[in-house]
Amino acid sequence: VAITQRNVASLAADHQWRGANHARVLMHSPSAFDASTYELWVPLLSGGEVVVTPAGELDPDLLLRTIREHDVTAAFFTTALFNLLVERDATALAGLREVMAGGEAHAPHVFAKARAACPETVFHNIYGPTETTTFAVLQDTREVAGGTVPIGSPMDDTRAYVLDESLRPVPAGVPGELYLAGSGLARGYLGQPGLTAQRFVACPYGAPGERMYRTGDLVRWNADGQLVYVGRTDD
């Protein structure tokens, strides 16, 4: 996926990262994994610090020790890793000011357990394909009363469309395919013009020449204006 410097700068400029919560961000993702874009550039482009975990195979105990010993304030975890850390000892995340987790659908009880163990920590469900520069949609789980955890609302300079097969918006509550547009949209797939044309399509709701990314994910808008993940179009 061809990500530009402008895409990265747009991610780093999002208002979500302002303030002290992201002063010291944990970097534990491989550089080839898109989450490293957040872990590296968000703190560095805002005067913060990057705390790099020791090299080697990912060790949950070492990860938590690094967070504690270096006063890490924010971290991203894949859903699977987040679930593992919470089930092992949710209180170990209490030193963090903000935690984001995503990549797969979340079980509501895991976030509930994490919030109960770490009442001062903000936990977000976060969603975004690599093609939109790591993150695109965010949900503060403190606003979730129970049941399914929404993936949330679009971040800065990101627009989300829930469309039918004819690219028409569907009503709230009705599943449709999620399309994303905005300043985080990648150029496309390097050396694959056919696949790029298939997934990055003309946006009928933007300026002339603007594109949007076809995610392949089925979602719906809920009554609060939040996106809820339903499944995949190819399931």
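## Helix packing, strand pairing and nonpolar cores

The buried residues of helix α1 pack against α2 (35-44). In this predicted model, α1 spans residues 5-12, and its buried residues are N7, V8, S10, L11 and A12.

A second helix contact involves α3 (residues 60-69) and α4 (residues 79-89), whose axes lie 11 Å apart and cross at an angle of about 80°. Because angles of 65 to 115 degrees count as roughly perpendicular, α3 is roughly perpendicular to α4. On the α3 side the contact is made by P60, D61, L63 and L64, which meet L81, L84, L85 and R88 of α4. Sorted by class, this contact of α3 with α4 contains six nonpolar and two charged residues, and no polar ones.

Helix α4 also contributes to the largest nonpolar core, giving four residues, the largest share. This core has 24 residues, of which F77, F82, L93, L96 and F123 touch the most other members. Two or more residues each come from α3, β3 (74-78), α4, β4 (98-102) and α5 (108-117). The contacts of F77 beyond four places in sequence include L63, I67, F82 and L85, as well as L93 and L96. F77 also touches L26, H28, V99, M100, A101 and G102. Apart from the largest core lies another, of 14 residues, among them V25, Y38, I126 and L138.

Two of these residues, I126 and L138, also stand opposite each other in paired strands, L138 being in β6. The strand pairings are listed below.

| Strand pair | Sense | Bridges |
|---|---|---|
| β5 (residues 122-127) and β6 | antiparallel | four bridges |
| β6 and β7 (residues 153-154) | antiparallel | two bridges |
| β8 and β9 (residues 176-182) | antiparallel | six bridges |

Strand β6 (residues 137-140) therefore appears in two rows, pairing with β5 and with β7. In a regular strand the side chains alternate between the two faces of the sheet. In β6, V137 and Q139 point one way, L138 and D140 point the other way, and all are buried. In the pairing with β7, V137 stands opposite P154.

Strand β8 (residues 158-163) is mostly covered, with five of its six residues buried. In its pairing with β9, L163 stands opposite E177.

Technical notes:
Residues are numbered from 1 along each chain as its sequence is written. This is a predicted model: local features need pLDDT of at least 70, side-chain atom pairs count only at pLDDT 80 or more; totals for chains, interfaces and linings use all residues. Side-chain values use heavy atoms; hydrogens and water are left out. Axes are lines fitted to C-alpha atoms, for helices over the stretch in contact, and angles run from 0 to 180 degrees between N-to-C directions. Angles under 35 degrees count as roughly parallel, over 145 as roughly antiparallel, 65 to 115 as roughly perpendicular and the rest as oblique. Contact means heavy atoms within 4.5 Å. Ala, Val, Leu, Ile, Met, Phe, Trp, Tyr, Cys and Pro count as nonpolar, Asp, Glu, Lys and Arg as charged, and the others, Gly among them, as polar. Buried means under 20% relative accessible area, exposed over 50%, partly exposed in between (1.4 Å probe, protein chains only). Two strands pair if DSSP finds at least two bridges between them. A nonpolar core is a set of buried Ala, Val, Leu, Ile, Met, Phe, Trp, Tyr and Cys residues joined through side-chain atoms within 4.5 Å.
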